[in-house]
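This report walks through a protein chain with a ligand, one region at a time. Please keep the sequence and the structure in view while reading.

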Amino acid sequence: MLLEVCNLYRRYGEREAVAGLSFGVESGEIFGLLGPNGAGKSSTLGMIAGLIRPDAGSIRVAGIAGERARERIGFVPQALALYPALTACENLTFWGEIYGLKRHQLQERIRAVLDLVGLSERSQEPVARFSGGMQRRLNLAIGLIHQPQLLLLDEPTVGVDPQSRNRIFEGIEQLNREGLSILYTSHQLGEVEQLCHRVAVLDRGRIIAQGSPAELVARSGQGLVVLGVSAPLEEQLARLVVLPDVLNVQQAPGQVTIATARPQQVLAPVLEVLNKAGLAVQSVQLVEPSLEAVFLQLTGRSLRDEP
Ligand SMILES: Nc1ncnc2c1ncn2[C@@H]1O[C@H](COP(=O)(O)OP(=O)(O)OP(=O)(O)O)[C@@H](O)[C@H]1O
């Protein structure tokens with residue numbers, strides 16, 4: 001195991017931001033921490049990077065803890081760490097020197113990381129002239145300058161245009177193919193499903209599920225049919241529950257949620273029951289079995305909700 005995080009805790013006053021997290025990242029793996037805003041993702045990365053002091057717990061990289069472990073880590077925070085008046089190349093030189101890279105090695109690394117993030121041709125321009133997406137790509141390049149073994153990425157695609165997002169994704173996949181291990185945080189399910197070999201689903205500082213995206217979805221096996229209705233269901237509820245493939249039915253004001261492994265197939269018979277009863281259906285949402293459905297099932301909330 002390259003990264004071992006064991007029983008990590010961090011409070012801010014009364015708020016428990018990270019409440020006993022344990023997980024590991026294997027060598028060569030892209031591991032995702034998936035959770036809504038405020039779930040504790042940034043705090044966890046900050047502690048692994050050595051910028052936030054944990055209240056309790058241990059963090060080891062390749063079996064070692066402390067400063068020597070952190071030398072093996074590259075951290076790409078959400079906030080940009082760039083000097084706008086300096087060029088891309090000067091920014092990288094600044095950070096490379098902090099990491100103690102020697103002149104010759106530094107030049108070589110700067111070339112490699114600029115190439116990886118697709119900024120070689122803009123290397124002599126002041127960063128102030130870069131788009132938001134380009135600045136994020138440079139931020140990623142900085143995290144890689146000292147050739148870390150483990151890269152920590154804190155929501156690297158937030159507010160990024162599709163072109164830069166694709167470039168960031170391609171860069172991550174290429175780095176991983178070359179052997180870099182990556183801890184990736186996101187609240188975007190699609191990203192995690194596409195990129196990560198394994199994922200821990202985080203909610204209010206705790207891991208509520210862990211496994212490969214496919215495993216998590218298969219384990220829950222649930223998709224949803226969510227219907228907006230004009231009036232509460234009464235005796236129709238019992239008719240819905242016994243329909244083939246319906247796992248359970250929940251009702252909230254104005255809304256009925258039907259859990260099923262096969263949302264598409266279940267929709268028609270459900271609508272038939274409601275039509276016969278003269279109930280107007282105002283909206284229909286189908287959620288195929290996915291990490292979104294897993295999160296909804298485990299927490300009763302959507303990943304996009306504020307906590
Ligand atoms: N310096 C701080 N002081 C007080 N509370 C904080 C501080 N940093 C984080 N928190 C709180 O701790 C909780 C976890 O925050 P954290 O930033 O780790 O979550 P996150 O999952 O990364 O969310 P986001 O995606 O919004 O960055 C939140 O409730 C947040 O408000």
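## The first strands

In this predicted model, strand β1 (residues 3-12) pairs with strand β4 (residues 56-61) in the antiparallel sense, over five bridges. Within that pairing, tyrosine 9 of β1 has alanine 56 as its bridge partner in β4. Strand β1 also pairs with β2, again in the antiparallel sense, and here over eight bridges; leucine 8 has leucine 21 as its bridge partner in β2.

The hairpin formed by β1 and β2 has two residues between the strands, and in this hairpin glycine 13 takes a positive phi near 60°.

## The chain as a whole

The protein chain contains eleven helices and 13 strands, and its C-alpha atoms fill a box of roughly 80 × 40 × 35 Å, taken along the principal axes. Of its 307 residues, 39% count as buried. Among the contacts with a separation of 6 or more, 70% are accounted for by residues 24 or more positions apart.

An unreviewed UniProt entry places the feature "domain: ABC transporter" at residues 3-229. Over residues 3-229 the chain is 36% helix and 29% strand, while the C-alpha atoms at the two ends are 48 Å apart.

## Around the ligand

Which residues surround the ligand? The shell is made up of Tyr12, Arg15, Ala17, Gly35, Asn37, Gly38, Ala39, Gly40, Lys41, Ser42, Ser43 and His187. The elements that give two or more residues to this shell are β2 (15-25) and α1 (41-48), and the largest share, three residues, comes from α1. Sorted by character, the residues of the shell divide into three nonpolar, seven polar and two charged.

Helix α1 is itself mostly covered, since eight of its eight residues are buried. The buried residues of α1 are Lys41, Ser42, Ser43, Thr44, Leu45, Gly46, Met47 and Ile48, and Lys41, Ser42 and Ser43 are also listed in the shell around the ligand. Just after α1, glycine 50 takes a positive phi of about 85°.

## A strand covered on both faces

In a regular strand the side chains alternate between the two faces of the sheet. In strand β5 (residues 73-76) both faces are covered, with Ile73 and Phe75 buried on one side and Gly74 and Val76 buried on the other.

Strand β5 is joined by four bridges to strand β6 (residues 150-154), and the two strands run parallel. Glycine 74 of β5 has leucine 151 as its bridge partner in β6.

## Helix α8 and its two sides

Helix α8 (residues 213-220) has Pro213, Leu216, Val217 and Ser220 among its residues, and these four are buried. Seen down the axis of α8, its buried residues fall within an arc of 95°, so they line one face of the helix. An α-helix has 3.6 residues a turn, so residues three or four places apart point the same way.

What do the buried residues of α8 pack against? Their neighbours are α7 (189-195), β8 (198-203), β9 (206-211) and α11 (291-299). On the other side of α8, by contrast, Ala214 and Arg219 are exposed. Just after the helix, glycine 221 takes a positive phi of about 60°.

## Strand β10 and its partners

Strand β10 (residues 223-229) is joined to strand β12 (residues 255-260) by six bridges, and these two strands run antiparallel. Strand β10 also pairs with strand β13 (residues 281-287) in the antiparallel sense, over six bridges. Glycine 228 takes part in both pairings: its bridge partner in β12 is glutamine 255, and in β13 it stands opposite serine 283.

Leucine 224 also lies in strand β10. Is leucine 224 buried or exposed? Leucine 224 has 23 other C-beta atoms within 10 Å, and because a residue counts as buried when 20 or more lie within that distance, leucine 224 is buried. Not counting residues up to four places away in sequence, leucine 224 touches Thr257, Ile258, Ala259, Pro263, Val287, Ala293 and Leu296. The C-alpha atom of leucine 224 is separated by 9.6 Å from that of valine 266, although these two residues are 42 residues apart along the chain.

Note on methods:
Residues numbered from 1 in each chain as written. Buried ≥ 20, exposed ≤ 12 C-beta atoms within 10 Å, placed from the backbone. Arc of directions from axis to C-beta. Contact = placed C-beta atoms within 7 Å. Pairing = 2+ DSSP bridges. Near = placed C-beta within 6 Å. Nonpolar A, V, L, I, M, F, W, Y, C, P; charged D, E, K, R; others polar. UniProt positions renumbered as here; feature names shortened; annotations may be inferred.
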